[in-house]
Amino acid sequence: MKIISIGTNHAGTSFLRTLKTIFPQAELVSYDRNTDISFLGCGIALWVSDEFSNPSGLFYSSPEQLKGMGINVNLQHDVLEIDRKNKTITVKNLVSGKIFKDSYDKLVFAGGTWPIIPPFEGVNLENILVSKTFTHAKAIKEKAIDPSIKNVIIIGGGYIGIELLEAFHKYGKKTTLIDMQDRIIPNYFDYEFTRKMEEKIRAEGINLQFGQKVTRFIADESGKKVAFVETDKGEYAADLVILAIGFLPNTKILTDVEKLPNGAIKVDEFQRSLSDENLYAIGDSAAMFHNVTQKYAHIALATNAVKSGIVAAFHIAGRNDIPFPGYVGTNAISVFGFNYASTGYCERGCSLIGIEDIATEYLEDWDRPEFMQEKSKVWIKITYQKSTLKLVGAQIGSYGKRFNHTEVIYFLSLAIQKGLKLPEIALSDFYFLPHFNKPFNFVIQVILNALGLSYNK
């Protein structure tokens with residue numbers, strides 16, 4: 001059996017290594033337009049901010065490793081066309097310019113996502129960058145250490161934007177964030193959490209400009225480099241602009257398969273396209289089942305990408321007992337001293353997609369008994385259905401490197417996946433030790449409060 005994999009990102013690399021391990025006789029060929037594989041884009045801001053000096057750690061595999069496993073790896077090869085009827089692809093060697101065809105028995109598509117670049121006037125000026133690949137990362141790093149870059153504008157208050165905002169601030173740049181929303185990361189965290197982070201960001205001297213729509217970019221006297229960002233509310237001096245507006249699935253090459261409106265390919269529990277049993281879509285290219293809504297959704301996270309690659313590999317190898325269990329969008333961020341994690345839908349998320357019958361409960365508490373010398377405040381908010389008491393979402397936060405409780409979100413993510421109700425979660429088998437938590441820890445207490453049992457501190 002010959003399997004072609006398009007893309008060697010998180011999902012593609014996971015698929016290739018897994019399949020070759022459990023099904024070594026498979027003929028595996030991979031194509032990728034980039035010069036490298038398995039790049040951890042989530043580490044770009046850390047490298048830019050000098051958390052580490054050698055970027056090699058941002059790669060968790062290499063072409064040499066895959067070739068050593070017997071995989072035919074082809075970098076700098078762009079797939080131009082996919083003919084599903086005849087099971088062929090048309091490929092261009094970006095170095096030699098040669099165009100050729102290749103055939104497959106099974107095709108695994110790991111095209112990932114690509115940054116959204118709106119057609120703003122002046123968007124092609126120099127010093128307007130996006131953040132996705134290692135090539136992007138090197139360009140951003142170069143600008144961060146350039147003393148001539150003094151005014152940095154980040155457009156987009158999502159995870160990438162906030163992380164790069166902090167990174168450039170560490171270099172002493174005058175940093176400004178512009179976003180159409182009314183606060184940062186609103187799709188993952190509610191006001192109780194974002195307010196704390198925004199207060200700290202402003203206290204650092206960073207300019208946050210919300211509720212503004214970018215209208216154009218204005219060039220300097222040379223007409224080549226960006227000098228100003230114009231919005232519907234004003235102008236901002238800019239030596240560098242980072243577009244961090246978001247990402248869309250990179251699936252335009254597959255025009256005849258069932259997709260979500262944003263382009264994500266709908267797949268079954270084994271990552272097979274609903275339109276073609278010989279086509280597998282994995283990672284950020286795929287739309288999978290959401291455990292809250294029981295509908296297809298697109299959640300572009302590395303953890304899901306890696307798992308989807310594993311599921312596809314086992315199914316191609318003949319295993320039907322490892323389906324993808326659905327996802328809930330568990331994620332985390334650590335910036336400006338705050339450690340946040342969320343899963344499922346926050347209160348705002350529920351309202352955006354029309355989930356009704358929703359109630360919430362928010363709690364600020366000590367993570368350990370008050371008599372302990374070392375303790376820290378922890379914040380938690382749950383979202384649940386009033387009629388069924390099923391957990392729909394959760395958010396957890398704390399401050400400082402010494403106190404981090406984000407891994408509790410794993411348990412709550414599983415609770416959502418399994419459809420657990422609040423009493424079932426509160427009565428789970430927790431441990432208690434004053435060194436670590438309270439008799440009624442913050443997970444139990446926020447649920448008790450939601451159930452009207454707020455008698456215990």
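Select glutamine 271 to begin: in this predicted model the residue is buried, with a relative accessible area of 0%. To place glutamine 271 along the chain, look in the loop between strand E18 (265–266) and strand E19 (272–273). If you display its side chain together with the backbone of alanine 281, you will find that the side chain reaches the backbone oxygen of that alanine at 2.9 Å. Then show the surroundings of glutamine 271, where, leaving aside neighbours within four places in sequence, the contacts include Leu279, Tyr280, Ala281, Ile282, Ala286 and Met288. Ser308, Val311, Ala312 and Phe324 are also among the residues that glutamine 271 touches.

**The domains**

Next, colour the chain by domain, using 2–114 + 247–317 for domain 1, 128–243 for domain 2 and 331–451 for domain 3. The centres of domain 1 and domain 3, taken over C-alpha atoms, are separated by 34 Å, and the contact between these two domains takes 5 residues from domain 1 and 7 residues from domain 3. What area is buried between domain 1 and domain 3? The value is about 470 Å², of which carbon and sulfur atoms give 75%. On the side of domain 1 that touches domain 3, the residues by class are 2 nonpolar and 3 polar, with no charged residues. A search for salt bridges between domain 1 and domain 3 gives a count of 0, and the number of residue pairs in polar contact across this interface, with both residues at pLDDT 80 or more, is likewise given as 0.

**Salt bridges**

Now turn to charged side chains, bearing in mind that side chains of opposite charge can pair when their charged atoms come close. The whole structure holds 21 salt bridges, and a few of them make useful stops.

Select glutamate 364 and lysine 196, which form a salt bridge with their closest N and O atoms 2.9 Å apart. This pair links distant parts of the chain, since glutamate 364 sits in strand E25 (residues 358–366) and lysine 196 in helix H6 (residues 191–203), 168 residues apart. Is each partner buried or partly exposed? Glutamate 364 counts as partly exposed at 38% relative accessibility, whereas lysine 196 is buried, with a relative accessible area of 11%.

Move on to glutamate 204 and lysine 200, whose side chains meet in a salt bridge at 3.9 Å, N to O. Glutamate 204 is partly exposed at 35% relative accessibility, and lysine 200 is also partly exposed, at 22%.

A further pair to select is glutamate 374 with arginine 402, where the salt bridge is 2.6 Å from N to O. Here too distant parts of the chain are linked: glutamate 374 lies in the loop between E25 and strand E26 (377–385), and arginine 402 lies in the loop between E27 and H9, 28 residues apart. Glutamate 374 is partly exposed, with a relative accessible area of 43%, while arginine 402 counts as exposed at 59%. Before leaving the charged residues, display Asp190, Glu192, Glu347 and Lys381 together, as these residues are joined into one network by salt bridges that share partners.

**Histidine 405**

Select histidine 405, which is found in the loop between strand E27 (391–399) and helix H9 (408–417). Which residues does histidine 405 touch, not counting those up to four places away in sequence? The list consists of Asp367, Val378, Ile396, Ser398 and Phe442. Histidine 405 counts as buried because its relative accessibility, 13%, falls under 20%.

**Loop residues to finish**

The loop between helix H2 (44–48) and helix H3 (63–68) contains aspartate 50, a residue other than glycine whose phi is near 70°, a positive value. Aspartate 50 is partly exposed, with a relative accessible area of 49%. Serine 56 has its place in the loop between H2 and H3 as well, and counts as partly exposed at 44% relative accessibility. A distance drawn between the C-alpha atoms of serine 56 and isoleucine 116, which are 60 residues apart along the chain, gives 27 Å.

For the last stop, select glutamine 76, in the loop between strand E3 (72–75) and strand E4 (77–83). Its phi is near 55°, again a positive value in a residue other than glycine, and glutamine 76 is partly exposed, with a relative accessible area of 32%.

Note on methods
Residues numbered from 1 in each chain as written. Heavy atoms only, no water. Helix = DSSP H or I, 4+ residues; strand = E, 2+ residues; numbered from the N terminus. Buried < 20%, exposed > 50% of the residue type's maximum accessible area, 1.4 Å probe, protein only. Contact = heavy atoms within 4.5 Å. Domains from an automatic or database assignment. Buried area = accessible area lost by both parts, 1.4 Å probe. Salt bridge = Lys/Arg side-chain N within 4 Å of Asp/Glu carboxyl O. Polar contact = N/O pair within 3.5 Å; in protein donor to acceptor, adjacent residues only side chain to side chain. Nonpolar A, V, L, I, M, F, W, Y, C, P; charged D, E, K, R; others polar.
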